[in-house]
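Where does a protein model leave empty space inside, and what surrounds that space? Take a look at the model below with those points in mind.

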Amino acid sequence: MAQNTVEKTAVTLLGLGAMGTALARTWLAAGHPVTVWNRTPARSAPLAAEGAEVADGAAAAVAANTLVVVCLLDDASVEETLAGTDLAGRDLVNLTTGTPAEARARAEWARERGARYLDGGIMAVPPMVGVAEAGGYVFYSGSRELFEQYAETLRVPLGTRYVGADAGFAALHDVALLSAMYGMFAGAAHAFALIRKEDIDPASLAPLLADWLTAMAPSVHQTADQLRSGDYTKGVVSNLAMQVAGTPTFLSTAEQQGVSPELLAPYFALMRRRLAEGSGEEDLTGVIDLLVR
């Protein structure tokens with residue numbers, strides 16, 4: 001009886017921090033040949049026991065396979081690690097966190113060395129890798145041909161979302177989402193600070209906060225629609241004038257509770273600036289235009 005086997009794409013992985021190790025383990029578990037390298041050799045030992053080939057240097061690791069995935073500390077680490085390697089004919093997928101400008105420069109750098117380039121922004125933490133139901137994924141941008149060629153391999157550890165030929169778009173999407181996350185964390189921090197000195201269990205406030213933030217999250221769709229149309233009064237429920245009128249209550253409450261307003265005050269200041277421009281009937285969308293220089 002003839003066996004029907006499908007050869008799995010071989011992967012070289014440079015960088016074995018928590019994320020890199022999780023990626024390597026997932027590819028190994030799925031049957032992909034994996035060659036690894038890390039500046040600290042000891043980190044390679046557990047993966048070697050699981051079947052990975054351990055290269056004795058970055059250049060040897062790059063030479064081992066066409067698909068080279070980089071998951072290092074920062075762009076400077078990528079530069080240093082790949083400086084002495086031959087990238088001609090290689091397909092470089094860079095999952096190192098960086099800025100859009102760094103990604104675009106690195107794409108050109110790779111092209112000059114004869115490599116195709118794909119940049120990635122990981123929207124997950126290591127425990128989510130290889131766990132489909134966890135919902136983690138990676139933004140990819142750069143060569144669409146490269147993305148489509150390796151799509152099956154790339155989606156083994158995490159979901160994939162291609163966001164454009166501009167190599168900087170993956171990093172831009174990554175930072176945009178994380179920026180919104182930190183804004184949410186800031187609001188939650190202020191909310192917990194308000195009750196900190198009261199006889200209120202933070203555990204009782206937490207589900208209320210989670211439900212409220214979940215209910216408010218869909219408003220981003222209206223913001224996007226207003227930005228596309230240019231009509232910031234479209235679908236407004238509570239206009240800017242009404243919301244600015246209510247801000248003193250938030251600031252007074254913070255003062256009375258002994259809580260610094262420093263997380264709220266900058267946003268309120270932008271709201272007042274927009275109102276002063278005569279935009280009282282708008283939604284809060286106009287604040288975005290004040291941020292863009």
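What follows is a walk through the enclosed cavities of this model and the strand that lines one of them.

The model is predicted. Start with the empty space. Rolling a probe the size of a water molecule over the atoms shows where such space is left. Here the count comes to two cavities of 30 Å³ or more.

Take the largest cavity. Its volume is about 100 Å³. Its lining is made of 16 residues. Nearest the centre lie Asn94, Thr96, Thr97, Gly98 and Asp119. Four elements each supply at least two residues of this lining. They are helix 4 (75-82), helix 5 (100-112), strand 6 (116-123) and helix 7 (169-195). Which of these gives the most? Strand 6 does, with four residues. The lining of the largest cavity is mixed in class: four residues are nonpolar, seven are polar and five are charged.

Now turn to the second largest cavity. It holds about 30 Å³ of space. Leu23, Trp27, Leu95, Val138, Tyr140, Leu154, Pro157 and Leu158 line it. Helix 1 (18-29) and strand 7 (137-142) are the elements that give two or more residues to this lining. How do its residues divide by class? Eight are nonpolar, with no polar and no charged residues in the lining of the second largest cavity.

Go back to strand 6. Is this strand mostly covered or mostly open? Strand 6 is mostly covered, with seven of its eight residues buried.

Strand 6 also has strand partners. One is strand 5, which covers residues 91-94. Strands 5 and 6 run parallel and are joined by four bridges. One pair shows the match: Leu92 has Tyr117 in strand 6 as its bridge partner. Helix 5 belongs to this picture too. Together, strand 5, helix 5 and strand 6 make a right-handed β-α-β unit. Helix 5 and strand 6 have already appeared above, as both supply residues to the lining of the largest cavity.

Another partner is strand 7. Six bridges join strand 6 to strand 7, and these two run antiparallel. Find Gly121 and look across: it stands opposite Phe139 in strand 7.

Put the pieces together. Strand 6 contributes four residues to the lining of the largest cavity. Strand 6 pairs with strand 7, and strand 7 gives two or more residues to the lining of the second largest cavity. Follow that pair of strands in the view, and you pass from the lining of one cavity to that of the other.

Technical notes:
Residues are numbered from 1 along each chain as its sequence is written. This is a predicted model: local features need pLDDT of at least 70, side-chain atom pairs count only at pLDDT 80 or more; totals for chains, interfaces and linings use all residues. Side-chain values use heavy atoms; hydrogens and water are left out. On a 1 Å grid over the protein atoms alone, a cavity is a set of points where a 1.4 Å probe fits but cannot get out, and a pocket is an open set with protein on both sides within 12 Å along at least five of seven lines; lining residues have an atom within 4 Å of a point. Grid points are joined across faces, edges and corners, and a volume is the space filled by probe spheres set on the points. Ala, Val, Leu, Ile, Met, Phe, Trp, Tyr, Cys and Pro count as nonpolar, Asp, Glu, Lys and Arg as charged, and the others, Gly among them, as polar. Buried means under 20% relative accessible area, exposed over 50%, partly exposed in between (1.4 Å probe, protein chains only). Two strands pair if DSSP finds at least two bridges between them. A crossover is right-handed if, with the strands pointing away from the viewer, the path from the first strand over the helix to the second runs clockwise.
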